[in-house]
Amino acid sequence: MQRKNTEIKAIFIAVTVVFSAFLLIPAVRLLLKSFYEGGFTTAFYSEVLAQKGFGQALLNSFAVSGAAACLATVIAFALAYAIHYTGLPAGFRRALQGVATLPMFLPTITYGFAIIYSFGKQGLITRLLGFQLFDIYGFQGLLLGYVIYTVPVAFLLIHNTMGFIDKKTITVSKLMGDSPLATFRIAVLRPLLGTLAGAFLQSFFLCFTDFGIPASVGGRYEVIATVLYNQMLGAVPDFNKGAVVAMVMLLPSILSIALLQFLERFNIRYNRISAADLRRNPVRDTGWGAIGTVLSVAILAIFAVIFVVPMVEEWPYQTAFTTEHVTAVLQDSELFTVYKNSLFVALLTALFGTLIAYGAALITARSNVHRWCKQVIEAIALITNTIPGMVLGLAFLFSFSGTSLQNTFTLMIVCNIIHFFSTPYLMMKNALSKMNAGWETTARLMGDSWIKTITRVVTPNAASSLLEVFSYYFINAMVTVSALIFIAGARTMVITTKIKQLQYVNKFNEVFVLSLLILFTNLIARAVFSALAHRKTVKTQSKERKLKPMKRIAAMMLAGVIAAGGCASMTGCTSAGAGENAQVVIYSNADDEAVTAMKNALDANGYEGQYTFQIFGTSELGGKLLAEGTNLEADLVTMSTFYTESAQEQNNMFLPLTFDVNTIDEFPDYCAPITSQEGAIIVNTEVLAENNLPMPTCIKDLADPVYKDMVSVTDIQSSSTAWLLIQALISEYGEDGAQEVLTDIYANAGDHIESSGSGPLKKCRAGEVAVGFGLRQQAVADKADGLPIDYVDPTEGNFSLTESVSVLDKGENTNPKAMEMAQCIIENGRAELQTYYPNALYEGEETNAENKSAYPKTFPEKLTVDLLQQHQALSEACK
């Protein structure tokens with residue numbers, strides 16, 4: 001431009017400042033972590049790249065992600081084409097649009113459960129058909145899950161751009177005598193080429209970086225995201241190697257940036273956009289109507305199960321109707337607070353995210369700033385698209401731990417804005433790119449400033465797209481969990497972190513109930529946003545609305561809002577402060593029964609309402625302990641003892657206990673054991689009978705080929721529960737014998753080697769396998785609830801892992817009630833805890849006779865992280 005454009009420069013500076021502070025710095029921290037450990041080294045890269053299976057996992061990720069992205073883009077295009085280029089009834093087209101976006105209204109954590117409960121051996125669709133359509137584990141299961149996951153994103157991009165294509169081009173092409181195929185290529189495909197590429201890349205990276213779906217249905221088809229999980233959040237987290245994997249996952253973004261820049265030249269701008277002038281064509285409409293119907297039914301069928309499972313006692317074996325699960329969730333005293341938190345975070349994410357996406361899109365699509373400025377924005381969009389939420393969450397954890405932003409709503413909102421920036425930005429960029437390129441030039445000749453043109457001309461025409469972006473941010477903020485699990489605190493918990501808690505304690509019915517709550521919330525929000533978008537479109541098409549003149553300072557205000565508005569208007573909770581009136585925050589990896597027993601002990605002894613619990617998976621809480629140290633939000637922690645010892649060795653973060661701990665075995669002075677969790681064989685008696693399988697008596701029996709594809713075990717790389725099995729094998733058969741037996745067990749397990757300690761029980765409950773190995777008390781509880789679940793104490797021994805309570809050392813900020821509550825849990829909670837975890841831990845206790853395991857044993861060596869890593873190496877050699 002001939003003159004300086006200070007407004008667009010101000011917006012550019014604001015956007016780059018936000019992403020420098022909250023993307024660049026955390027990313028650099030991760031990069032440094034991949035090279036630095038007491039000094040610069042490339043050893044972490046050498047170890048990861050030489051790691052067994054790493055190269056194959058990378059190739060698998062490219063293969064399944066590429067296939068899913070292609071299929072999702074084709075499906076999204078077909079649905080969008082049926083909406084924009086056919087004479088189908090308006091109601092039918094709205095229905096197609098609703099179905100195409102439905103999966104994004106649900107948290108991705110439920111996708112894997114939906115596939116298992118729909119297409120698994122005892123799934124809803126399998127039962128209706130009388131046979132299983134396909135094997136849901138491995139490539140096929142991942143492909144299905146990924147396609148469901150990414151169709152909404154691809155559809156939104158394509159659908160949004162199709163609305164800005166001049167439909168008169170079709171008429172002109174036909175008048176020129178072009179064939180139908182040539183018309184389709186010239187008038188539809190070519191204007192969409194850049195958008196189709198963007199939809200493919202967006203879908204590809206969503207698949208490439210997702211962990212939730214592989215965790216449920218990936219089986220033995222390992223992908224790079226599971227490698228990242230094992231390094232970052234496995235049984236023994238290795239943040240340095242995890243940072244290497246994260247850096248490797250960023251490499252494809254370089255190619256995608258180059259590809260998008262190449263395709264930018266194919267974007268077409270129209271001086272005027274005309275509505276479609278489509279002739280009646282019953283054959284065309286019938287064909288596309290059939291295609292849309294088939295695709296819609298396929299999508300809806302997958303999610304039908306989430307409406308069924310919560311309304312029966314226990315799928316698939318107790319199918320009587322009940323509202324018990326819904327009632328249990330709605331009566332949860334925490335639900336209202338958590339739901340309110342979710343709405344707050346989603347609304348402010350949508351507000352400030354839309355401003356940032358719009359500002360960034362204006363820079364690249366409606367300005368003549370230097371090319372490098374546009375390249376910076378494009379790079380930001382591609383990088384945010386390729387960073388997994390799990391990695392972004394950990395990067396925030398490393399970067400902001402100990403600051404005023406730790407565990408705040410502000411940090412959660414900023415994380416969401418950055419995490420989901422790419423798609424809203426592309427939506428706005430595509431919409432703005434299709435508008436008349438001469439508006440700004442004409443306005444400048446008439447004496448209007450750039451900001452006036454944007455507010456009086458561009459923004460009204462982009463109103464519907466802005467509302468789409470607002471809706472996209474709101475919905476994704478409601479369903480996301482991967483990043484927030486690391487930065488949400490006990491006081492800033494949202495509904496998806498509540499779902500994660502329920503998953504840990506095997507309350508899958510309640511998981512579906514909360515998923516439905518999120519679904520209905522998002523559907524209502526979507527309906528409101530769509531109605532507003534339609535209203536804006538009608539007003540814009542009827543006449544140009546008269547807006548009050550805007551001064552140049554308006555752009556500066558916009559930039560200020562983008563840069564600092566969130567921080568100025570939000571004060572998320574960090575700590576209630578120390579002192580007698582402060583709530584004690586308790587972090588725990590305990591099962592539901594243990595948490596209930598601890599709460600009962602605290603409530604009965606005068607501490608009701610004076611504490612708040614937050615439950616994590618063992619590896620996730622372990623990661624927070626190691627990464628945050630004394631900056632942890634918690635005042636009190638209950639955790640696997642060997643993890644507690646490792647955290648203390650690294651961070652010196654726990655206080656010596658001030659009360660007597662008279663344990664039978666010796667424990668460090670900063671922790672007191674609360675439970676002893678034993679391993680056992682879990683059996684689905686109905687599946688066992690249906691397949692004429694013998695009841696196993698020992699772990700070695702699971703190596704018998706008769707159990708081929710009927711066994712589920714956990715992977716010691718990602719879950720310490722598997723350690724109980726390996727301890728038993730080594731104790732009974734020695735390391736060589738254990739390796740031989742474990743090799744055969746893994747062969748029988750096939751796709752059912754789980755990353756979660758509750759995975760085998762989940763598979764047994766769902767009827768996917770007949771036998772599993774997991775935590776004994778979980779099987780005991782299921783049997784007591786009347787499920788066809790039984791347990792077998794293996795003759796090799798019921799080995800155990802202890803969990804202990806510890807008090808955080810926060811210096812002068814240490815909550816004085818934390819030590820009192822730790823003592824209360826030990827002195828008043830052990831009686832109830834022993835009804836679920838029978839082993840005696842303290843002098844004067846006796847092992848609960850009613851629930852005593854048949855073969856309780858202890859490992860001859862002290863359980864340490866070093867020993868766990870040795871057994872991990874043994875396990876890897878068996879695969």
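# Reading the fold, residue by residue

Visitor: Does Asp709 count as buried or partly exposed?
Guide: This is a predicted model. Asp709 has a relative accessibility of 38%. Buried would need under 20%, and exposed over 50%. The value of Asp709 lies in between, so the residue counts as partly exposed.

Visitor: What is the value that phi of Asp709 is near?
Guide: Most residues other than glycine have a negative phi. Asp709 is not a glycine, yet its phi is positive. The residue lies in the loop between H32 and E7. Its phi is near 65°.

Visitor: Where is Asn692 found?
Guide: Asn692 also has a positive phi, near 55°, without being a glycine. Its relative accessible area is 68%, so it is exposed. Asn692 is found in the loop between H32 and E7.

Visitor: Is Met710 buried or exposed?
Guide: Met710 is placed in the loop between helix H32 (685–690) and strand E7 (711–714). Its relative accessibility is 12%. The cut-off for buried is under 20%. So Met710 counts as buried.

Visitor: How many Å apart in space are Met710 and Ala749, C-alpha to C-alpha?
Guide: Met710 and Ala749 are 39 residues apart in sequence. Setting aside neighbours within four places in sequence, Met710 is in contact with several residues, including Lys121, Val687, Asn748 and Val769. From C-alpha to C-alpha, Met710 and Ala749 are separated by 6.6 Å.

Visitor: Which side chain makes a polar contact with the side chain of Glu754?
Guide: Glu754 belongs to strand E8 (residues 753–754). It counts as buried because its relative accessibility is 4%. Beyond four places in sequence, its contacts include Ala215, Ser712, Asp715, Gly759 and Pro760. The polar side-chain contact, at 2.5 Å, is with Lys763.

Visitor: What is H4 to H7: oblique or parallel?
Guide: Helix H4 (residues 90–101) packs on helix H7 (residues 139–162) at about 135°. Their axes are 8 Å apart. Over 145 degrees would count as roughly antiparallel, and 65 to 115 as roughly perpendicular. The angle fits neither range, so H4 is oblique to H7.

Visitor: How many nonpolar residues are in the contact of H4 with H7?
Guide: H4 contributes Gln97, Ala100 and Thr101 to the contact. H7 contributes Val151, Pro152, Phe155, Leu156 and His159. By class, no residue is charged and 3 are polar, while the nonpolar ones number 5.

Visitor: Is the crossing of H29 past H36 left-handed or right-handed?
Guide: The axes of helix H29 (residues 592–604) and helix H36 (residues 816–836) come within 8 Å. They cross at roughly 130°. The two helices are therefore oblique to each other. H29 passes H36 in a crossing that is right-handed.

Visitor: How many charged residues does the contact of H29 with H36 have?
Guide: From H29, the contact includes Glu593, Thr596, Met598 and Leu602. From H36, it includes Met821, Asn828, Glu832 and Tyr836. The classes are 10 nonpolar, 4 polar and, for charged residues, 2.

Visitor: How many of the 10 residues of helix H11 are buried?
Guide: Helix H11 covers residues 224–233. Among its buried residues are Ile224, Tyr229, Asn230 and Leu233. The helix is largely enclosed by the rest of the structure, because its buried residues number 10 of the 10.

Visitor: How many of the residues of helix H26 are buried?
Guide: H26 spans residues 495–504 and is mostly covered. Its buried residues include Lys498 and Lys500, along with Ile495 and Tyr504. The count of buried residues in H26 is 10 of 10.

Visitor: How many Å apart in space are Ala527 and Ser471, C-alpha to C-alpha?
Guide: Ala527 is in helix H27 (residues 508–542). With 46% relative accessibility, it counts as partly exposed. Ser471 is 56 residues from Ala527 in sequence. In space, their C-alpha atoms are separated by 9.6 Å.

Visitor: Buried residues make up what percentage of the protein?
Guide: The protein has 37 helices and 11 strands. Of its contacts with a separation of 6 or more, 81% join residues 24 or more positions apart. Of its 879 residues, the buried ones make up 62%.

How values were computed:
Residues numbered from 1 in each chain as written. Predicted model: local features only at pLDDT ≥ 70, side-chain atom pairs only at ≥ 80, totals over all residues. Heavy atoms only, no water. Buried < 20%, exposed > 50% of the residue type's maximum accessible area, 1.4 Å probe, protein only. Helix = DSSP H or I, 4+ residues; strand = E, 2+ residues; numbered from the N terminus. Polar contact = N/O pair within 3.5 Å; in protein donor to acceptor, adjacent residues only side chain to side chain. Contact = heavy atoms within 4.5 Å. Axes fitted to C-alpha atoms, helices over the stretch in contact; angles between N-to-C directions. Parallel < 35°, antiparallel > 145°, perpendicular 65-115°, else oblique. Nonpolar A, V, L, I, M, F, W, Y, C, P; charged D, E, K, R; others polar. Left-handed = near helix turned anticlockwise from the far one by under 90°.
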